[in-house]
Amino acid sequence: MHKQIPLTVVTPESSHETYIQPGTSLLSSIQEIPGIVLDAPCGGSGTCGKCLVEVVSGSVTPMTDEELSLLPQGAAGKSLRLACQAYVLDEDGNSLVVKCDGQPGAYQAARNSRFSEPSSPRFSVRELLLPPPSLQDQRSDLDHLMEQSKAACHRIPVGDLDKLRTLRKQGHALCLFRDGLPAAVLSTGEVPLGCAVDIGTTTVALYLVDLATGKVLARKSEMNLQRTYGSDVISRIRHASDPRGRSALKRLITDQLDRMFCDCAAGASFAPAWIRNVVIAGNTVMLHLLTGTDPSGIAEAPFIPVFTRDMHFKSCELGWMSIPSAEIRLLPGISSYVGADITSGLLAASVCASDKPVLFIDLGTNGEIALWDGKRLFCCSTAAGPAFEGASLSHGIGGVPGAVDSLAQSDDPRGITHTTIGGVPAAGICGSGVIDAAALLLDLSLMEVTGRLAEVGTSRLMTAAGDERAFTAVPAENAHNNRAVLVTQSDIREVQLAKAAVAAGIRILLETAGVRLEQVHAVRLAGGFGSWINVTSAQRIGLLPEPYRGIASSCGNTAGMGAVQAMLDSSSEAALAELVSSAHYIELSSHPEFQQAYVEEMIFPQG
């Protein structure tokens with residue numbers, strides 16, 4: 001029998017007790033505890049420095065110089081450790097108590113999300129008159145309901161059948177119809193609800209919808225809790241390579257969504273069981289992980305997923321017992337790296353309705369780009385990396401309260417000013433903030449076009465972070481816990497890699513379609529990051545081409561908007577099918593001109 005060491009993990013909300021084997025990292029131990037999620041963007045490889053815990057008592061392996069270099073300034077001697085680098089020691093009487101934040105909070109939702117009225121409403125509620133039971137007509141309650149509905153078949157769930165006896169005695173029943181067929185028998189006072197979900201690599205967004213009226217009643221956005229296994233899809237695919245890892249990732253997202261269904265419904269004073277329909281968009285990897293499907297084929301040539309077409313389930317198949325009567329639909333994608341979040345977004349943004357070229361860009365961990373040339377659809381995906389989500393930055397955090405989300409020149413004594421999400425003291429910097437920072441550095445001549453930062457002492461804004469040059473976005477006296485928010489030389493390199501990948505992808509897509517830069521009529525920026533980005537800053541650093549000034553606009557969380565549209569509008573079926581079947585996917589990794597374009601786009605534009 002293997003020796004077991006008691007471990008108590010304390011979070012701001014609760015404490016959890018478990019037993020672990022010696023030689024196990026604190027990160028992997030905490031990942032096994034339901035309800036606790038420790039942020040680990042690098043997936044436990046010991047490179048991001050984000051999985052901070054406090055070892056209150058007990059014995060773990062000593063700190064290495066590499067780990068020490070990743071800890072926040074002033075953390076040495078305070079029992080702070082990186083959970084992925086601290087391993088439990090096999091000592092008699094060893095008992096561990098560890099403190100951690102536990103679970104990321106609410107994530108800043110995309111703005112500018114607009115929901116259009118369905119042109120062909122899919123759902124309706126009708127009152128059906130039911131004759132009282134009699135010996136002369138011994139047909140079943142359901143047969144009478146079907147006769148009154150004038151439908152040839154139905155989709156009524158088993159859980160609704162018990163209501164029919166009581167409702168028939170009352171002489172009438174309210175029935176939810178979907179595409180002309182009875183889909184549910186409603187309880188007295190029940191509001192038929194639907195949920196549209198966008199599962200992103202970084203963010204999970206949920207929209208609660210009244211199926212009868214089409215009105216969005218509530219919305220909720222959170223950080224994807226799978227982030228504890230890495231901020232990018234490749235890290236998660238690696239962890240999902242064995243059945244146990246897949247099961248852990250599936251449990252995290254299904255449990256998170258189950259809780260979000262309950263929270264969103266209860267927050268609007270509705271019962272979760274009233275949720276009758278769920279439509280889910282997401283990138284191809286996220287949908288594989290949701291269903292517990294092996295995604296390993298996506299990570300290696302020729303990059304073949306198990307599925308991309310739309311899928312239909314019962315809620316119980318995904319363990320969602322809080323919404324027992326819900327039908328679940330996963331929207332279709334195009335390829336391994338252009339998934340249902342993009343097809344849904346293209347639908348919502350009406351990209352293919354234009355007779356002129358339109359560029360659609362979803363900026364995030366995966367930079368998906370689509371170009372409609374007026375007749376044909378071209379698309380590609382670039383490995384932008386997690387810099388735009390703040391994950392790979394030394395002081396980077398997601399779109400959570402305390403994240404520096406904008407920087408600008410000002411009359412302040414330092415010459416710059418900043419804002420944070422929630423208006424609270426700065427705890428780190430997110431993607432939109434670091435784009436502003438890079439643009440500022442160029443405008444202030446504190447960074448060369450090669451990305452090299454000015455020397456320490458050149459300006460009061462320049463400082464040192466270990467062996468690196470760094471820009472002080474927020475000084476310590478104005479920051480949370482008196483910890484300055486910095487943008488280091490390494491952070492700038494991360495931004496260069498990300499912006500070069502997207503800019504090169506745009507170039508290749510335009511060249512393939514035979515469309516010139518100036519011919520593009522509109523540029524639609526999608527996703528959480530895309531909705532908050534300063535377009536002027538994005539153009540200043542070369543993320544977006546200069547000719548697009550004035551035609552680039554944010555269109556919000558188009559994946560979530562498209563999921564709402566697919567749920568409510570029956571005409572969306574044909575539109576989605578046409579999108580998927582007609583799309584021309586360009587594989588950039590094998591394109592002969594991509595590497596050269598990528599290298600050229602690494603350079604920042606001249607002022």
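Start by selecting valine 404 and isoleucine 429 in this predicted model: isoleucine 429, in β20, is the bridge partner of valine 404. Widen the selection to residues 403-409, which make up strand β18. Between β18 and β20 there are two bridges, and the pairing is parallel.

Next, add β19 to see the rest of the sheet. Its three strands run in the order β19-β18-β20, the sheet is open, and the pairing is mixed. β19 covers 416-420 and β20 covers 428-429; each has a single partner strand and stands at an edge, so one side of each has no neighbour in the sheet.

Now select residues 431-443, helix α9. This helix lies across β18, β19 and β20, and runs at about 25 degrees to β18.

From α9, move to arginine 540, a residue of helix α12 (residues 535-540). Show what surrounds arginine 540: leaving aside residues up to four places away in sequence, it touches Ala439, Leu442, Asp443, Pro605, Gln606 and Gly607. A polar atom of the arginine 540 side chain lies 3.1 Å from the backbone oxygen of proline 605. Is arginine 540 buried or exposed? Its relative accessibility is 15%, so arginine 540 counts as buried.

The remaining stops are salt bridges, of which the model has 26. Select glutamate 190 and arginine 276, whose closest N and O atoms are 3.0 Å apart. Glutamate 190 sits in the loop between β8 (181-185) and β9 (193-199), while arginine 276 belongs to strand β12 (residues 275-282), so this salt bridge ties together parts 86 residues apart in sequence. Both glutamate 190 and arginine 276 are buried.

Go on to lysine 220 and glutamate 222, where the side chains form a salt bridge with an N to O distance of 3.8 Å. Colour this pair by accessibility: lysine 220, at 27% relative accessibility, counts as partly exposed, whereas glutamate 222, at 7%, counts as buried.

Then select arginine 469 and glutamate 455, which meet in a salt bridge at 3.9 Å, N to O. Arginine 469 is in strand β22 (residues 468-474) and glutamate 455 is in the loop between α9 and β21 (462-465); the pair links distant parts of the chain, 14 residues apart.

For the last stop, which residues are linked in a network of salt bridges? Select Arg122, Asp179, Asp310, Arg329 and Glu573 together to display that network.

Technical notes
Residues are numbered from 1 along each chain as its sequence is written. This is a predicted model: local features need pLDDT of at least 70, side-chain atom pairs count only at pLDDT 80 or more; totals for chains, interfaces and linings use all residues. Side-chain values use heavy atoms; hydrogens and water are left out. Two strands pair if DSSP finds at least two bridges between them. Helices (H or I, at least four residues) and strands (E, at least two) are DSSP runs, numbered from the N terminus. Contact means heavy atoms within 4.5 Å. Axes are lines fitted to C-alpha atoms, for helices over the stretch in contact, and angles run from 0 to 180 degrees between N-to-C directions. A salt bridge is a side-chain nitrogen of Lys or Arg within 4 Å of a carboxyl oxygen of Asp or Glu. Buried means under 20% relative accessible area, exposed over 50%, partly exposed in between (1.4 Å probe, protein chains only). A polar contact is a pair of N or O atoms within 3.5 Å; within protein, one must be able to donate a hydrogen and the other to accept it, and residues adjacent in sequence count only if both atoms are side-chain atoms.
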